[in-house]
Amino acid sequence: MRFVVATILASVVLGLGCKPALIPGTSIEDTDDNRHVIEFLAKYRTAILSRNPDQVVGLCTKDYFEDNGTADQADDYGIDGLKQKLSADFSKTKDLQLELIVQKIERAEPAKNVVNVAYRYNERALVAFPAGEKWISLTDVNRLVLKQVDDMFLIQSGL
């Protein structure tokens, strides 16, 4: 009887110690797929910090579409609208700092190579207003929908 109890106890203790390895600095499981997503997000961050609309749009699918989470179709836009929006925003931005904290990566539609990435961002921007320049800080959560095309990711929606 003691042997059975000891075996069960040992199994429980060993089971608790077998947590998946995490990507350093995240709470994301360390897999090749997840590392590729994190690497892509680093490219996205670099593109945003460059304040170059073409560089950001170059990371998007040709059928990029944003509905802004509303039923109102007036605020929907595709890749051309994204480029216009980024151009307008970046033209007013004098300096930009951005931190991305990935919270979750999930393959929503594996057959379609769709990956959802939930992340928190901390942004600080020096923006030119008619009354002068002002620093603005934003912290929020967002979800990017990525599509894997061959061995690379592209943003399908979420900007």
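Is Pro53 buried or exposed? This tour of a predicted model begins with that residue and then moves to a helix and two pockets.

**Stop 1: Pro53**

Select Pro53, which is located in helix α3. Pro53 has a relative accessible area of 14%; buried means under 20%, so Pro53 is buried. Next, display its surroundings. Leaving aside residues up to four places away in sequence, Pro53 touches Lys83, Leu86, Ser87 and Phe90. Add Ser87 to the selection: along the chain, Pro53 and Ser87 are 34 residues apart, yet 5.7 Å separates their C-alpha atoms.

**Stop 2: helix α4**

Select residues 79-92, which form α4. At 1.5 Å a residue, the 14 residues of this helix should span 20 Å, and its end C-alpha atoms are indeed 20 Å apart, which agrees.

Which residues of α4 are buried? Colour Ile79, Leu82, Leu86 and Phe90, for these are the buried residues of the helix. They lie on the same side of α4, because they cover an arc of only 55° around the axis. A general rule is useful here: an α-helix has 3.6 residues a turn, so residues three or four places apart point the same way.

Now turn the helix to view its other side, where Asp80, Gln84 and Ser91 are exposed. To see what covers the buried residues, show α2, α3, β2 and β3, which are among the elements that do so.

**Stop 3: the largest pocket**

Keep α4 in view and select Lys85, Asp89, Tyr121, Glu123 and Leu138. The largest pocket holds about 750 Å³ of space, and of the 26 residues that line it, these five, Lys85, Asp89, Tyr121, Glu123 and Leu138, are the closest to its centre.

Which elements should be displayed around this pocket? At least two lining residues come from each of α2, α4, β3, β4 and β5. The largest share, 6 residues, is supplied by α4. Colouring the lining by class gives 17 nonpolar, 4 polar and 5 charged residues.

**Stop 4: the second largest pocket**

Finally, select Asp33, His36, Glu39, Phe40 and Lys43, which are among the residues that line the second largest pocket. This pocket contains about 200 Å³ of space. Extend the selection to further lining residues, including Gly58, Leu59, Gln148 and Asp151.

Which element gives the most to this lining? It is α2, with 5 residues. Both α2 and β6 (152-157) supply at least two residues each. By class, the lining of this second pocket has 5 nonpolar, 3 polar and 4 charged residues.

Methods:
Residues numbered from 1 in each chain as written. Predicted model: local features only at pLDDT ≥ 70, side-chain atom pairs only at ≥ 80, totals over all residues. Heavy atoms only, no water. 1 Å grid on protein atoms, 1.4 Å probe; cavity = no way out; pocket = protein on both sides within 12 Å on 5 of 7 lines; lining within 4 Å. Points joined across faces, edges and corners; volume = space filled by probe spheres on them. Helix = DSSP H or I, 4+ residues; strand = E, 2+ residues; numbered from the N terminus. Nonpolar A, V, L, I, M, F, W, Y, C, P; charged D, E, K, R; others polar. Expected span 1.5 Å × (residues − 1). Buried < 20%, exposed > 50% of the residue type's maximum accessible area, 1.4 Å probe, protein only. Arc of directions from axis to C-beta. Contact = heavy atoms within 4.5 Å.
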